[in-house]
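Work through the exercises below with the coordinates open. Each task is followed by a solution in steps.

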Amino acid sequence: MDKLDHTSSSSSSPARLGKEATDNNTKDGESSNSKMGYLSFALAVLSAGIAIAAYTDLSPRGHGLPAQAQFIDQRAFNVLPSVQPSNEFNLTNIFIPPGYDLASLKEKPFHVYDDEFYDVIGSNPSLTLIANSGTDPLFHEAVVWYPPTNEMFFVQNAGAPAAGTGLNKSAIIQKISLAEARAVSTKSNAVGLVKVQVVESNPSVVNPNGAINYKGQILFASEGQGAERPSELIMMNPREPHNTTVLLNNYFGRQFNSLNDMSINPRNKNVYFTDPIYGLLQEFRPREALPHQVYRYNDRTGAVTVVADGLNQPNGIAFSPSGLHAYIADTGAQGSFWGINSTSPATIYRYDVAEDGSFSNRRTFAYAHAGVPDGIHIDTKGNLFAGCGDGVHVFNPSGTLIGKIFLGETSANFNFGGDGSMVICAETNLYYAKIAATSGAYTEF
């Protein structure tokens, strides 16, 4: 998935300009004591209005901001002086609120849109760049924490031209020690201080994408390679020799398209997984033989059941902590090599999950305004985190955007570690975050 352009939707800066005008006019009024000076002062204050609140050290409800956080007042950009047409500003661009620039947004990366976000980030959140890979997108998806060794696994981008992966060679699996990452978390840049290790699976997991903890193993969604290597669900031993076992490789004799991501429902312990066509869109898989669907695998009976269809590109999937609701990200707007379509979904849908494990009552939960929502994860309070075009967006259980971990670049996926940690993949950059929220996903550990 391509990175977004760092383009603002507005060239004006009402909050900063308003504050400068206020200071200047106040000085003029004091020196001349003229009615015109006081009038200018009043007009300047009025023109700044609500926008100036975005630059205070307090949110509207009086919360003090952590050092790496800033409050973004959405009222400041409800009305813009100009709004660019879609051929100039669309899902490939990053929205930069008036009065900010990209550097200022990245300087304090925890963006508070609502006071609920304070419970997510805690009193002292931090973000550390721990690895950079130049132009090779080594840090893409399949981010999964293995608690017994306190390691985080992740994979290279399959099909990316800069990686040369897909049809000619498989993407690789890698891991880091979270203890090493935590030890450098007081730094903003710790590149070179955390070792990134390649994991040699045996037999190889071909073009891995999604991953979860599963029965003491790591279960990967392998996208496959060409027509002869089908897309599969493959278990890998997280410890050496990293031996692998194929769990599932067909639907009644038909190849899956490009298995992408998966999640376990905490009530029935079944594995639910998505099957878009990104292997085809990145030219390393044949044309699809099945609709773009979401499936359920019951390991007790071997049954594979379709639970959701009618999606453009079903991608990330997660369950609420109770298991009563399922969330599916549809990234249809991102066509990879085939281009973008801003009228297709960049949407997270919410479903009710019945006691028998079936889905019903699909409704729109959230729409990503930057890029598409790729990997999604839930915390213990039911907040949903989504990897988007400018970082990680956080929505409360009603679908309201309450905050961001702003990177200024695309994050396809990320995941919680232990003790309030998070590892965020951003293609050529790898980040470690310290926050208060912890994972609400089912795990057997």
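**Exercise 1.** Decide whether Tyr-327 is buried or exposed in this predicted model, and classify its ring pair with Phe-365.

Solution. Step 1: the relative accessible area of Tyr-327 is 3%. The cut-off for buried is under 20%, so Tyr-327 is buried. Step 2: Phe-365 has a value of 7% and therefore counts as buried too. Step 3: a pair of aromatic rings is described by the distance of the centres and the angle of the planes. For Tyr-327 and Phe-365 the centres are 5.0 Å apart and the planes make an angle of 70°. An angle over 60 degrees counts as edge-to-face, and the pair is assigned accordingly. Step 4: Tyr-327 belongs to strand β17 (residues 325-330) and Phe-365 to strand β19 (residues 359-367), so this contact ties together parts 38 residues apart in sequence.

**Exercise 2.** Classify the pair formed by Phe-273 and Tyr-295, and find which cluster of rings these residues belong to.

Solution. Step 1: the model has 14 aromatic pairs by the distance rule. Step 2: in the pair of Phe-273 and Tyr-295, the distance is 5.4 Å centre to centre, with 15° between the planes. Planes under 30 degrees apart count as stacked, and this pair is stacked. Step 3: Phe-273 sits in strand β13 (residues 271-275) and Tyr-295 in strand β14 (residues 293-297), so the pair joins parts separated by 22 residues in sequence. Step 4: both Phe-273 and Tyr-295 are buried. Step 5: ring pairs connect these two with Tyr-251, Phe-252 and Phe-256 in a cluster.

**Exercise 3.** Which residue lies over the face of Tyr-349, and at what distance from the ring centre?

Solution. The residue is Arg-362, at 4.1 Å from the ring centre.

**Exercise 4.** Give the strand order of the open sheet that contains β4, and identify its edge strands.

Solution. Step 1: the four strands follow the order β4-β5-β6-β7, with antiparallel pairing. Step 2: β4 (141-146) and β7 (197-199) each pair on one side only, which makes them the edge strands. Step 3: from one strand to the next, the twist averages 30°. Step 4: β6 (residues 173-177) is joined to β7 by three bridges. In one of these strands, β7, Val-199 is the bridge partner of Ile-173.

**Exercise 5.** How many disulfides does the whole structure contain, and are Cys-388 and Cys-425 buried or exposed?

Solution. Step 1: the search finds zero disulfides. Step 2: Cys-388 is buried at 1% relative accessibility, and Cys-425 is buried at 0%.

How values were computed:
Residues numbered from 1 in each chain as written. Predicted model: local features only at pLDDT ≥ 70, side-chain atom pairs only at ≥ 80, totals over all residues. Heavy atoms only, no water. Pairing = 2+ DSSP bridges. Helix = DSSP H or I, 4+ residues; strand = E, 2+ residues; numbered from the N terminus. Axes fitted to C-alpha atoms, helices over the stretch in contact; angles between N-to-C directions. Phe/Tyr/Trp six-rings, centres within 6.5 Å; stacked < 30°, edge-to-face > 60°. Buried < 20%, exposed > 50% of the residue type's maximum accessible area, 1.4 Å probe, protein only. Lys NZ or Arg CZ within 6 Å of the ring centre and 35° of its normal. Disulfide = S-S within 2.5 Å.
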